[in-house]
Each structure stands twice: as structure tokens, then as C-alpha cells.
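The report that follows describes selected features of a single model, moving from a sheet to a helix pair and then to two loop residues.

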Amino acid sequence: MAGGKLSPRQKMINLMYLVFIAMLAMNMSKEVLSAFGLMNEKLTEANTKATEKNTQAYQTLAQKAAEQAKQYGEAKEKTDKLKVAADELYAYIGDLKSQMTGDLKDPKAYETMDKSKFLDELFFKGGKITEAGKEFVAKIDGFRNEAMAALEGTELAGVIASRFSTDKEENKDGKKIDWLKYNYEGFPLVASLTKLTQIQADIKATESDALSALLQGELESAVSMTKYEAMVVFDKGAYYPGENLSGRVILGKKDPNLTAEKVIINGEEIAADKIQAGQVILDTPVGNVGDKELKGEFQFKEGDSIVKIDITGGYAVIPRPNEALVSADKMNVVYRGLSNPLTISIPGVPGNKVTAKAPGLRRVKGDSYVMNPGKGSEVNIVVTGTPTGADKGVRSVKKFRIKDIPPAMGMVRGQFGTVKMPKASVGRISVAAGLPDFLFDLKLNVSSFKIKVPGQVAIPVSGTTMNARAKAAINKARRNDQITIFDIKASVSGSNYQLKKVLPVIVEITN
């Protein structure tokens, strides 16, 4: 997301985005959900300003192309194509955001936007990406290709490829995850909303980058210091009381040789050693809980006068967490007879300092646990730990429902329900059981079953293949007869857990 000739505004947004991803690794507290909403508002406001600036730049380029077609004509032609693609993707994402918040009575009630249902149902179904999800990725890919074509031969082409990459992402376990699932599956609504606003910000930044790159520094906005803009970039979007504020104030054009005469923030002059390469290093206490504001100015000497550039920004100080975060990796319940993966952690507490206790629960590594629940319908997980710098520990009790594995389905030849086949093939089939659409990929072992041929008594069979009695009965079956295989006994492979029910499978004789 960063590299090449990125605008300072883009670098600020990218750093904020990295903070968002880190914060998504934990369940969102109300304060963090609100912080996401606030950041989304600020990004939206920044996008509005960026649109206005880009519009002015397009107008300036159009005027110069009319006056000097040979010098600026090609640049205008490329940026015109880019603008069409940018407007289309920006509007598409805007419409998607409107759908996401269309049913909300208050679009700013961020503390209630903790569910992932909308995009989970729109983009994903049965573990696969829907047509809507594929369209979303295709729209981004299309814009990326259009932008790279417009910027071909410039250093920004590589930046655009990275900025709008939809390649698979690598998770913390080193596993490659589909880009759409990695970024949007299971995330709170307000987080996904902010991510979409971030993509819109990337679109605006790309237009701005393209205009600057294709004009090769000839646009008037790059001539004077009065065209620079100061951006505040924090290392984190929120802080705990007692922490130091960390981040940078960066000018619109970062230049190693650019040094301000003086920088003043909140009425205090910044020390000379904190002013480096067109930026100011922030390292002061964050203050008490609440929203904080930074105001100040850069002062540059330009000719015989002093040019002042305003600094504006803000951040939030949030309370330290007082509750553990517990999430099921695959579901919101735990299943009897299975090793259910759980992630258990407390923000601010190292994994080896967190203790979790519950019947059937054991730690695998770090914050990864496995639970093998026993009897009953519920289990309580008690988590304790002390956050870094806190005076007292945190104790939290989380309740999970315990459910039995759902009924399996009998199958032959890998098919469920009614399977048609010639009579000669029925005696050679092998009976199996499966769990279609179940969250766990389980192998089931069949130990016995019964077979009922129309007009004959049911015959018990041990194992998975027909015995002599069953084959004799099958030989008496007629065309269109439906042979029922029922009372299937199956267990989970690697476990002694016996499934309570396996639904029958029917074989219909075709000849």
C-alpha cells in the first residue's frame, strides 16, 4: 500500500489502514467500533476534498491542453480514460455502501455495526464466493488495469498494481487466503464500511497521482509552497491512558532537503531535532480518555516572506480493555465429539500470560485452543490475565452452546437421496455416510446398515458392502423398484463418537 511516489495524504491513509487491520484481529469493543466510524467519517470528508482538488486539476489540464495540445494533449487523453474508470468504480462502491447501511435507522450508530451478516451473505455462500463477490473483485481488477495502462512507463504503475492488488493474502499461519475472504469475510459492518471508503480514497489518490505523474511536475499546484498541505499521521488510531502519542506530521511533498524554519503545535514550538525531512516526529503524552485535537502550523521561508501551512488533526484516547476476547474459529457453538478450534486472548496481554479454563479445553499454542465438550448443553470458559501496565487483572466468563453433530446422510457412489443404477451394479456398491454443508470436514466410518427390497424382509448387513443375503434379495428386485438402505450406523473417524442419526439412501433400479 505504500511505496513509490505516494502522496502524503495517501501515506497517512495507508498508515491508518494498517492500524485498522491490526485492530480487526480482536473482537471490537464499542469504543473501537466508534473509532472506526469516526475514521470512516474523516476518510469520507477527505475524499470529498480530494474530489474537489482533482476536479480543479482536471480543469487545469483541460485548459493547458487547449492552449498547448502538443505538450498536454496525450496526458489529457490518458487522464480522461482514467477518470471514466475511476468514477465508475467510485460510484459502484458508493452504491454498495448505501446498501450496507440502507436498513439502519441511524447510519452513525457505529456501536451497533458489529455484525458481518450483510457482506457475508452478499459475497460468500457455502464457503464459496458468490457472483456479487466476483463482480466486486472484477471491478477492482478492471480499474487497476486501466490505471496501470494510463501510467505505463512511470514509477507509479507498480504502486497502482500493489495498491489495488487482489492477489491471495498470507495469514499468520503462512496459509494463502483468497483476497476477498481475507479482507471482508467475518468483519464487523463498520470495519468493512471503512475499508470500502479506503478503496474510494485510493481511487482519488490514484487520480491525483496520475495527474501529477503525467504532467511531470508542470501543474501549477506543484509550483509554490502555498500549494502544500500538512497531514497528521498517527502510529495508532487510539491510545490507552499513560501511553505516549506517536506519529508524524508530514507535508504534501516530502523532500529530504525540505526543512521548516519553525513548527508550532498546540501553542508549543517543536524542538529542532524533531523536525526531519519535511516531517515532524511526535512523542508526547496522549492525555486522558477522550477525543484530542492537534492544531498548529509549519513556517517556511520563501524569498523575503514566511509561508505558513496549517496543521490540523485529531486522535482518540480509549480506556484499556477489561474483558477477554474469545472467538470460535469456525462457529459460534462447539460440537460434541469434535476438536473445536478456539482463539482466546486479552488485548494488551501476551498469550503466555493468559489462562483459560473449561471442561474439555486445552491450549494448542499461543492463543490457539481446542475444546472437546462433554455432556450438557452449555459450557463456560473462564479467562484471566493482567494487561500490560494495568494494576489489576481481568477475569471474564464466556458461555458457549454445546450441540451434537447434525444427522448425516447415507450415500452410495458419493451421492445422496435417490440414486438410480442398474440392478447388476447394486450388489457391488459400498455404503457410506456424509455431512453435506457441515462446517467441519469430517470422515465418517460406516459399521453396519439394513437393506429393504420391496416385497421382502429387511436384511441387516455388517460393514459397508452387501452380504450374500442382501445380494440374493437384490436379485429379486424389479425395474423401478426402490431399494432402501437405512438404519446406517456411523462414527467419526479417529473418534469413538457414534452419530445419533444417519438418513437413509434409496437406490432405484433402472433395468
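In this predicted model, five strands form an open sheet in the order β23-β29-β27-β25-β26, and the pairing within that sheet is mixed. The edges are taken by β23 (418–421) and β26 (459–462), each of which pairs on one side only. Averaged over the sheet, and with direction ignored, neighbouring strands are turned by 25° against each other. As general background, strands of a sheet pair through backbone hydrogen bonds, in either a parallel or an antiparallel manner.

At the β26 edge, strand β25 (residues 444–452) runs antiparallel to β26, and the two are joined by 4 bridges. One residue pair can be named here: Phe449 has Val461 of β26 as its bridge partner. Helix α10 (residues 468–475) packs on the sheet, where it touches β25, β26 and β27 (482–492), and the direction of α10 makes about 135° with that of β26.

A separate packing arrangement involves helix α5 (residues 131–150) and helix α6 (residues 156–163), whose axes come within 9 Å and cross at roughly 175°. Because angles over 145 degrees count as roughly antiparallel, α5 and α6 are roughly antiparallel to each other. On the α5 side the contact is made by Arg144, Ala147 and Met148, and on the α6 side by Ala157, Ile160 and Ala161. Sorted by character, the residues of this contact comprise 5 nonpolar and 1 charged, with no polar residue.

Which residues of α6 are buried? They are Leu156, Ala157, Val159, Ile160 and Arg163. Seen down the axis of α6, these buried residues fall within an arc of 160°, so they line one face of the helix. In general, an α-helix has 3.6 residues a turn, so residues three or four places apart point the same way.

Two loop residues deserve a note on their backbone angles. Most residues other than glycine have a negative phi, whereas Asn266 and Asp437 each have a positive value without being glycine. The table sets out where each residue lies, together with its phi and its relative accessible area.

| Residue | Loop | Phi | Relative accessible area |
|---|---|---|---|
| Asn266 | between β8 (262–265) and β9 (268–269) | near 50° | 46% |
| Asp437 | between β24 (431–434) and β25 | about 65° | 80% |

With its value of 46%, Asn266 is classed as partly exposed, while Asp437, at 80%, is classed as exposed. The loop that holds Asp437 leads back to the sheet, in that it lies between β24 and β25, and β25 is the strand joined to β26.

Technical notes
Residues are numbered from 1 along each chain as its sequence is written. This is a predicted model: local features need pLDDT of at least 70, side-chain atom pairs count only at pLDDT 80 or more; totals for chains, interfaces and linings use all residues. Side-chain values use heavy atoms; hydrogens and water are left out. Two strands pair if DSSP finds at least two bridges between them. Axes are lines fitted to C-alpha atoms, for helices over the stretch in contact, and angles run from 0 to 180 degrees between N-to-C directions. Contact means heavy atoms within 4.5 Å. Angles under 35 degrees count as roughly parallel, over 145 as roughly antiparallel, 65 to 115 as roughly perpendicular and the rest as oblique. Ala, Val, Leu, Ile, Met, Phe, Trp, Tyr, Cys and Pro count as nonpolar, Asp, Glu, Lys and Arg as charged, and the others, Gly among them, as polar. Buried means under 20% relative accessible area, exposed over 50%, partly exposed in between (1.4 Å probe, protein chains only). The arc is that of the directions from the helix axis to the C-beta atoms.
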